[in-house]
Amino acid sequence: MSNETFGSVWDAIENTAAEAENMKLRSALMMALEQHIRTKGWTQTEAARRLGVTQPRISDLLRGKINLFGLDTLVNMVTAAGLHVEMQVHELEPA
C-alpha cells in the first residue's frame, strides 16, 4: 500500500495530469449545472428544454455520468442555463 497523497481524486485515478485536469473541469461544470437545476426547481424535462438537450441527457448529468460529457458540451449547457464560465491558468506548485 502506498502512502502517496494527491490533490484530488482525479489526480489519483487518471493516468496523466492532462486527463486529471480535464476531469476536474468537467466535474466542476457538472456540479454547477446540477446545483443550478435543483436551485431553479426544474424538472428534467424542463431542464432539457432550457439547455437544448434531451431529458435522458439531463438524467445522465444528474447521475454524474461524467464520461458521457465533454468540455464543449458542458460549456454549451452552462451557457444555455444562463451561467458564465471563468477559467484560471497558473503554474503548478513544485512537488
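**Exercise 1. In which helix does histidine 36 lie, and what surrounds this residue?**

Before we start, a word on the model: it is predicted, with local features needing pLDDT of at least 70 and side-chain atom pairs counting only at pLDDT 80 or more, while totals for chains, interfaces and linings use all residues. Residues are numbered from 1 along each chain as its sequence is written, and side-chain values use heavy atoms, leaving out hydrogens and water.

*Solution.*
- Step 1: Histidine 36 lies in helix 2; helices here are DSSP runs of H or I with at least four residues, numbered from the N terminus.
- Step 2: Histidine 36 counts as buried because its relative accessibility is 14% (buried means under 20% relative accessible area, with a 1.4 Å probe and protein chains only).
- Step 3: Not counting residues up to four places away in sequence, histidine 36 touches Trp42, Ala81 and Leu83 (contact means heavy atoms within 4.5 Å).

**Exercise 2. Work out how helix 2 is placed against helix 4 and helix 5.**

*Solution.*
- Step 1: Take helix 2 (residues 17-40) and helix 4 (residues 55-62): their axes come within 9 Å and cross at roughly 115°. Axes are lines fitted to C-alpha atoms, for helices over the stretch in contact, and angles run from 0 to 180 degrees between N-to-C directions.
- Step 2: Helix 2 is therefore roughly perpendicular to helix 4 (65 to 115 degrees).
- Step 3: Met30, Leu33, Glu34, Ile37 and Arg38 of helix 2 meet Ile58, Asp60, Leu61 and Leu62 of helix 4. Sorted by class, this contact holds six nonpolar, no polar and three charged residues.
- Step 4: Now turn to helix 5 (residues 71-80), which packs on helix 2 at an angle of about 25°, the axes being 10 Å apart. Helix 2 is therefore roughly parallel to helix 5 (under 35 degrees).
- Step 5: On the helix 2 side, Asn22, Leu25, Arg26, Leu29, Met30 and Leu33 take part, meeting Leu71, Leu74, Val75, Met77 and Val78 in helix 5.

**Exercise 3. Find which elements build the largest nonpolar core.**

*Solution.*
- Step 1: This core has 18 residues, and among those with the most contacts inside it are Leu33, Ile58 and Met77. A nonpolar core is a set of buried Ala, Val, Leu, Ile, Met, Phe, Trp, Tyr and Cys residues joined through side-chain atoms within 4.5 Å.
- Step 2: Helix 2, helix 3 (44-51), helix 4 and helix 5 each give two or more residues to this core, and helix 2 gives the largest share, five residues.
- Step 3: Zoom in on methionine 77: leaving aside neighbours within four places in sequence, methionine 77 is in contact with Leu33, Leu51, Val53, Ile58, Leu61 and Phe69.

Methods:
Parallel < 35°, antiparallel > 145°, perpendicular 65-115°, else oblique. Nonpolar A, V, L, I, M, F, W, Y, C, P; charged D, E, K, R; others polar. Buried < 20%, exposed > 50% of the residue type's maximum accessible area, 1.4 Å probe, protein only.
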